[in-house]
Amino acid sequence: MTIDDLRSNMDAASLGVSHSLGATTEPSAFAAAVVPLRQIPPTHPNHPLSPERLRQIDRVFFGPFFREKYGAGGDRALENSRIRYYSPVQPTSNAGELAGRRYVHEFDTATGLTRGWHETLDRMGNVRQIRPERLDGTKRHYQFDGNGRYKGSW
Amino acid sequence: MEVDLQAVRRVFEDVLNGCMLREQADRWAHAVVQQEETGVVTYAPPRERERIWAGVMYLYGIDMMTAPNAYLHTNDDIRRGMTASIGVIGDEVPNDNSTVS
């Protein structure tokens, strides 16, 4: 099992999935401000979006919602229509090979769902631990070795 | 829900002074993040929004551990994190003990 396997297998509900504000279908009590949208080249139907294209769309339409809040440390568009926003790494001086932790916020552009988790990184930039949280507040740490192999949880 | 810089600073200082568990600070920050997602958080004063949010995001996850009963961060880390995020230096606090009491 690898980190990505684990992330894929996680039940969405266990990660505090919520609908983003941008994807809500509830009628707003306020009139929306009219904001001119930037033009982007059209997408061909039935053509999967490349990460570059996804990122381009994200920057035009969703950037202000997520990047400002969660993406100060960067962002990454995945092949599965999801975009991950990374907080800056908060350094530690206490943990040997570990460099620090960061919060990751993931937005699924296909469903409008979001989820987030905390992770720790080693000094090589490898993710060594992730900590998702269930809706009931239960936290669990999942640990990985330097090659991304699952070691165990507690 | 209104959040101001003093409230964020107070949480940092309470953690550093041992008056608040890191788990409680994480829950406080989590509540702010959840409220922010629903768009009901206001920042006072509004011009400090960026610093307030940076402090909240530092506190969110401040209880990360490397092993059971061993926190990732030392108190010195947290002190530096407070200064880097909200830009203030707290009162003198006891020296570090990063294990769970």
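The contact between the two chains takes 18 residues from chain B and 18 residues from chain A, where two residues count as touching if their C-beta atoms, placed from the backbone, lie within 7 Å. On the side of chain B that touches chain A, the elements giving two or more residues are helix 3 (49-59), strand 3 (65-67) and helix 4 (75-86) of chain B; helices (H or I, at least four residues) and strands (E, at least two) are DSSP runs numbered from the N terminus. The residues of that side divide into 8 nonpolar, 7 polar and 3 charged, with Ala, Val, Leu, Ile, Met, Phe, Trp, Tyr, Cys and Pro counted as nonpolar, Asp, Glu, Lys and Arg as charged, and the others, Gly among them, as polar.

This is a predicted model, in which local features need pLDDT of at least 70 and side-chain atom pairs count only at pLDDT 80 or more, while totals for chains, interfaces and linings use all residues. Residues are numbered from 1 along each chain as its sequence is written, and chains are lettered from A and ligands numbered from 1 in the order in which they are written.

Chain B itself has 4 helices and 4 strands, which follow the pattern β-α-α-β-α-β-β-α along the sequence. Among the contacts in chain B with a separation of 6 or more, 72% join residues 24 or more positions apart.

Helix 2 of chain B (residues 22-37) has 16 residues and reaches 22 Å from its first C-alpha to its last, close to the 22 Å expected at 1.5 Å a residue, a span reckoned as 1.5 Å times one less than the number of residues. In this helix, B:Arg22, B:Ala25, B:Asp26, B:Trp28, B:Ala29, B:Val32 and B:Val33 are buried, meaning that 20 or more other C-beta atoms lie within 10 Å of the residue's own. Because they cover an arc of only 160° around the axis, they lie on the same side of helix 2 of chain B, the arc being that of the directions from the helix axis to the C-beta atoms. The buried residues of helix 2 pack against strand 1 (2-4), helix 1 (5-16), helix 3 and strand 4 (70-71) of chain B.

The largest nonpolar core has 33 residues, of which B:Ala29, B:Val56 and B:Leu59 touch the most other members; such a core is a set of buried Ala, Val, Leu, Ile, Met, Phe, Trp, Tyr and Cys residues joined through C-beta atoms within 7 Å. Helix 3 of chain B gives the most to this core, with 6 residues. Leaving aside residues up to four places away in sequence, B:Val56 touches B:Val8, B:Ala29, B:Val32 and B:Val33.

Methods. A residue is buried if 20 or more other C-beta atoms lie within 10 Å of its own, exposed if 12 or fewer, and partly exposed in between; C-beta atoms are placed from the backbone.
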